[in-house]
Protein chains: 4
Amino acid sequence: MPASAGVRRRGAVRSEEARMAVLDATGRLFATQGYDHLTIEGIAAQAGVSKQTIYRWWSSKSAVVADALIEDKLLPDHPVVPDTGDIRADLIAWMQSLVDLVAEPGNDGLVRSLVAAACESPDIGTRLNDALGITATVSTRIEAAVAAGQLPADLPVTEFVRALVGGFVLYSLERTEPAPDVAERLVRALLH
Amino acid sequence: MPASAGVRRRGAVRSEEARMAVLDATGRLFATQGYDHLTIEGIAAQAGVSKQTIYRWWSSKSAVVADALIEDKLLPDHPVVPDTGDIRADLIAWMQSLVDLVAEPGNDGLVRSLVAAACESPDIGTRLNDALGITATVSTRIEAAVAAGQLPADLPVTEFVRALVGGFVLYSLERTEPAPDVAERLVRALLH
Amino acid sequence: MPASAGVRRRGAVRSEEARMAVLDATGRLFATQGYDHLTIEGIAAQAGVSKQTIYRWWSSKSAVVADALIEDKLLPDHPVVPDTGDIRADLIAWMQSLVDLVAEPGNDGLVRSLVAAACESPDIGTRLNDALGITATVSTRIEAAVAAGQLPADLPVTEFVRALVGGFVLYSLERTEPAPDVAERLVRALLH
Amino acid sequence: MPASAGVRRRGAVRSEEARMAVLDATGRLFATQGYDHLTIEGIAAQAGVSKQTIYRWWSSKSAVVADALIEDKLLPDHPVVPDTGDIRADLIAWMQSLVDLVAEPGNDGLVRSLVAAACESPDIGTRLNDALGITATVSTRIEAAVAAGQLPADLPVTEFVRALVGGFVLYSLERTEPAPDVAERLVRALLH
DNA sequence: GAATAAGCGAGACGGTACGTCTTGTCTTACA
DNA sequence: TGTAAGACAAGACGTACCGTCTCGCTTATTC
């Protein structure tokens, strides 16, 4: 009975169950196969959902992935920037945890897949930022450091974060053997 | 007598003509359609070559692209870092020309495609660096600046370059409206 | 309520239109190109149907041909055995019309193609018999002759028909210049 | 020294070794894979011969097969028609040995393959007759029976043999379970 | 002996078709 | 109206052979 609030159009309503099944399946397949071996058919099968249901609600593979990202289905718990007052130490710690994250066996290719997804859709890029808490968390921490006089007042924060994250991304794409001090060096490249 | 070293095995020899036709076609299609709409069949047709000839010599789409990259078929003439003695001005000028490059109508999506390709194959990532002359040219310029005392002696050059280029890459992936001073801001984020 | 027996599973139903288009196209191409130059891709193109639709319903080229045979798409109207009471005259007349049939310009190679198809698939052989009405029509006529005392009571009818048709098949495969009295001679070889 | 007969042109001479290797390989592959899975490349590889050598001397797969047939590479020792004076018994014995031949495990599909080959090339049909000794042996035996008054004087021998062999061929194509008395019945269908 | 012609192995080449996979749209039956 | 099931046209995948062609070597004949 559509008793309350407004007109509630006729017919069945979107199945939340189906929606979650799709996003869960996407997360599972993304982790095991990577972005480019992900297929709509595969997601539908894995989710026990019809393809049409996916196409009805999402416009493309990348849209599904973007949604899965928002709902935190794609990433393990992501690191947050600590705040000890020492901006350099904090950034190094954070960067180190990122480096450790992708160094874990299962997470190999995770960044690569996320970047590949971001290449396909600007939306994913944006949401990736949000999901990683980069814009929110990191920027905030940087701005605090600026306010504390640890960094110059006219530092272009957006670009600073981009350089930091971009450096990490390029490092990930290279798939070299993990350098032990890469986190420290990367931060030092920006804070010299 | 086969001129130089070695026995020059029997049988017809690889057709340089076919090889170049493939790489040229790859360059042409990459520019117009981007990496992910590139197909082996399309390349073969465009090159007037049989699919088998491609599969005989390359193992995958990304291998073809990597080769095309080496042979300079994918990129328009890429900017070099000027050397006026002023490292900050030089980097800004170089970064600005990169920004201008991707701002041109035809080059929309070029970086996106290259990054997508790099996500698929570590080889492409490596060769991308080489092709862009990044490692060579930029690093050299940075090292000169370090030697000249304009930059700290212990600057981690590799990471510095990665941050610079990574920042540019992330900017490109965001497809925001081109900010006029993004080049200057990005360099300033690193040189403050 | 699904009218008759059983549950009529969910999902779209097989397109009769596509099915007929495939069989029609098969008939057309079989006539013009013969069995061995027949290709699944050719059929699909000619029928305006995707290859997958063919592979969904038929397991091989010969399966399609067998089906086309049942649906009478491969053969022009085939002769029937007359019944004048004179078994010898009737068989000669029938055999003569078979000989005339393959002597027509367009039908050159028709028998060859059918036999080639039968070599590939036992199914086609069986259905070929059915389609030609050989088992049905000829056997019936022979049995009538046996009943009328024109042929011995213990005549092995199946083998008699096989010998008759087999003789015709071998004659067709030889592609010699058409002998004018071959029909009469063949029947006389069996009824002496 | 090209002493005798004519001008013996310059250059190397055809390698008998290669020729035999090809025909042997053809026989081996024909037996294991059947006519339609036989490939020129397969023969070349199996024979340790280059494709060009095959194409230099034979015009097609069927030409190779026809040659192999002549050189007795395709068939095991084939039965001959006995001559006991009783034409009916002799034909039954011969037909029975044919039936037994194709009933052997390895020879399954042998007739099918030969017939398929004959469909492709009239040449093969002719040579098949020769190789089987059908025209020679069987016809001779039939003619002897005619001369002995066991068969009518005006019997069309060619057609009689065709009917006999054709009946056997159709029986083989049907791949039914082997009927024990099929040889006897087939002969009886012709000699009633 | 050279020079000249084949023959031969190896194998690259432009093609055609194979049978499979996925895309995005559609139809059907049920809820 | 939403949904699972699933058929459909389209088209790329990577493989297998086709028949032709170049190679570098060997073998035989002729000058």
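How much area is buried between chain A and chain B, and what percentage of it do carbon and sulfur atoms give? The buried area is about 3,100 Å², with carbon and sulfur atoms giving 62%. The tour below passes through a predicted model, beginning with chain A and its contact with chain B.

**Stop 1: chain A alone**

Select chain A and display it as a cartoon. The chain has ten helices and zero strands, and its elements, read from the N terminus, follow the order α-α-α-α-α-α-α-α-α-α. Along the principal axes, the C-alpha atoms of chain A fill a box of roughly 60 × 45 × 25 Å.

**Stop 2: chain A against chain B**

Add chain B to the selection. Here 34 residues of chain A are in contact with 34 residues of chain B. Next, pick out Cys119(A), Arg162(A) and His192(A): these supply 22% of the area that chain A buries against chain B, more than any other three residues.

Keep Arg162(A) selected and bring in Glu174(B). The two side chains form a salt bridge, with an N to O distance of 3.1 Å. In total, the rule finds six salt bridges across the interface of chain A and chain B, together with nine residue pairs in polar contact, both residues being at pLDDT 80 or more.

Now colour the helices of chain A that face this partner. Those giving two or more residues to the side that touches chain B are H6 (110-120), H7 (122-132), H9 (157-174) and H10 (182-190) of chain A. H9(A) provides the largest share, eleven residues. If the side of chain A that touches chain B is coloured by residue class, 19 nonpolar, five polar and ten charged residues appear.

**Stop 3: chain D against chain C**

Hide chains A and B, and show chains C and D. In this pair, 34 residues of chain D are in contact with 34 residues of chain C. The area buried between them is about 3,100 Å², and carbon and sulfur atoms give 61% of that area. Select Cys119(D), Arg162(D) and His192(D), which supply 21% of the area that chain D buries against chain C, more than any other three residues.

For a salt bridge at this interface, select Arg162(C) and Glu174(D), whose side chains meet at 3.2 Å, N to O. The rule finds six salt bridges across the interface of chain D and chain C. It also finds ten residue pairs in polar contact there, both residues being at pLDDT 80 or more.

Which elements of chain D give two or more residues to the side that touches chain C? They are H6 (110-120), H7 (122-132), H9 (157-174) and H10 (182-190) of chain D. The largest share, eleven residues, comes from H9(D). By class, this side of chain D has 19 nonpolar, five polar and ten charged residues.

**Stop 4: pairs without contact**

Restore all chains and inspect two further pairings. Chain A and chain C are joined by no contact, and their closest C-alpha atoms are 11 Å apart. Chain B and chain D likewise have no contact, with their closest C-alpha atoms lying 11 Å apart.

**Stop 5: a helix crossing in chain B**

Isolate H1 (residues 16-33) and H4 (residues 61-70) of chain B. Their axes come within 9 Å and cross at roughly 95°; H1(B) and H4(B) are therefore roughly perpendicular to each other. Show the side chains where they touch: Val22(B), Leu23(B), Thr26(B) and Phe30(B) come from H1(B), while Val64(B), Val65(B), Asp67(B) and Ala68(B) come from H4(B). By class, this contact has six nonpolar, one polar and one charged residues.

**Stop 6: charged side chains within a chain**

Remain in chain B and select Asp123(B) and Arg127(B). These residues form a salt bridge, their closest N and O atoms being 2.8 Å apart. Asp123(B) and Arg127(B) are separated by about one helical turn, because they are four residues apart in H7 (residues 122-132) of chain B.

Move to chain D and centre on Asp67(D), a residue of H4 (residues 61-70) of chain D. Leaving aside neighbours within four places in sequence, Asp67(D) is in contact with Leu23(D), Trp58(D) and Arg127(D). With Arg127(D), the side chain of Asp67(D) makes a side-chain polar contact at 3.4 Å.

To finish, show every salt bridge at once: a search of the whole structure finds 52 over all chains.

Terms used
Residues numbered from 1 in each chain as written. Chains lettered and ligands numbered in written order. Predicted model: local features only at pLDDT ≥ 70, side-chain atom pairs only at ≥ 80, totals over all residues. Heavy atoms only, no water. Contact = heavy atoms within 4.5 Å. Buried area = accessible area lost by both parts, 1.4 Å probe. Salt bridge = Lys/Arg side-chain N within 4 Å of Asp/Glu carboxyl O. Polar contact = N/O pair within 3.5 Å; in protein donor to acceptor, adjacent residues only side chain to side chain. Nonpolar A, V, L, I, M, F, W, Y, C, P; charged D, E, K, R; others polar. Axes fitted to C-alpha atoms, helices over the stretch in contact; angles between N-to-C directions. Parallel < 35°, antiparallel > 145°, perpendicular 65-115°, else oblique.
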